[in-house]
Amino acid sequence: MEISVGSQVRSFDFHYMRDLEGDRACYMEGEVTDIVEHPHYGYKCYEIQVSRVVVGGKEENEGHLTIYPPVNGTPTTMGRTTDGVEVI
């Protein structure tokens, strides 16, 4: 499913860890409010208003938080492409 403004998404902190429960669960959930260009690096990012934060399998209260993960398909400097944001 395509991610667009208004999508409810989950953004994983680490590309190699996609656990939803347990010690390895690290992600944020929220709504995509815009798709913007990163001010320093020039690639497109999702602007996500975070509603839920999970770190080490435990929910944390971070208050108001906005994150900017790269749009899926963005090449990394390590030779892979990003895919860390998914529709929920």
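Reader: Where are the limits between buried, partly exposed and exposed drawn, and how does Thr-33 count?

Author: Buried means under 20% relative accessible area, exposed means over 50%, and partly exposed covers what is in between. In this predicted model, Thr-33 has a relative accessibility of 31%. Because that value lies between the two limits, Thr-33 counts as partly exposed.

Reader: Which strand holds Thr-33, and which residues does Thr-33 touch beyond those up to four places away in sequence?

Author: Thr-33 lies within residues 27-37, which form strand β2. When residues up to four places away in sequence are not counted, the residues that Thr-33 touches are Val-5, Glu-47 and Gln-49.

Reader: How far apart in space are Thr-33 and Tyr-43?

Author: Along the sequence, Thr-33 and Tyr-43 are ten residues apart. In space, taken from C-alpha to C-alpha, the distance between Thr-33 and Tyr-43 is 17 Å.

Reader: Is Val-53 buried or exposed, and in which strand is its place?

Author: The relative accessibility of Val-53 is 4%, and since buried means under 20%, Val-53 counts as buried. Its place is among residues 44-55, and these residues make up strand β3.

Reader: With which residues is Val-53 in contact, leaving aside its neighbours within four places in sequence?

Author: Two of the contacts of Val-53 are Tyr-27 and Met-28. The others on the list for Val-53 are Lys-58, Glu-59, Glu-60, Glu-62 and Leu-65.

Reader: What separates the C-alpha atoms of Val-53 and Gly-79?

Author: Val-53 and Gly-79 are 26 residues apart along the chain. The separation of their C-alpha atoms in space is 28 Å.

Reader: Are Cys-26 and Cys-45 buried or exposed, and how many disulfides are counted?

Author: Cys-26 has a relative accessible area of 10%, so Cys-26 is buried, and Cys-45, with a relative accessible area of 1%, is buried as well. A disulfide needs a pair of cysteine sulfur atoms within 2.5 Å. By this rule the number of disulfides is zero.

Reader: Which pattern does the chain follow along the sequence?

Author: The chain has zero helices and six strands. Read along the sequence, the pattern is therefore written with strands alone, as β-β-β-β-β-β.

Reader: What radius of gyration does the chain have, beside that of a compact globule?

Author: For 88 residues, a compact globule would have a radius of gyration near 12 Å, and the value for the chain agrees with this. The radius of gyration of the chain is 13 Å.

Methods
Residues numbered from 1 in each chain as written. Predicted model: local features only at pLDDT ≥ 70, side-chain atom pairs only at ≥ 80, totals over all residues. Heavy atoms only, no water. Helix = DSSP H or I, 4+ residues; strand = E, 2+ residues; numbered from the N terminus. Rg over C-alpha atoms; globule rule 2.2 N^0.38 Å. Buried < 20%, exposed > 50% of the residue type's maximum accessible area, 1.4 Å probe, protein only. Contact = heavy atoms within 4.5 Å.
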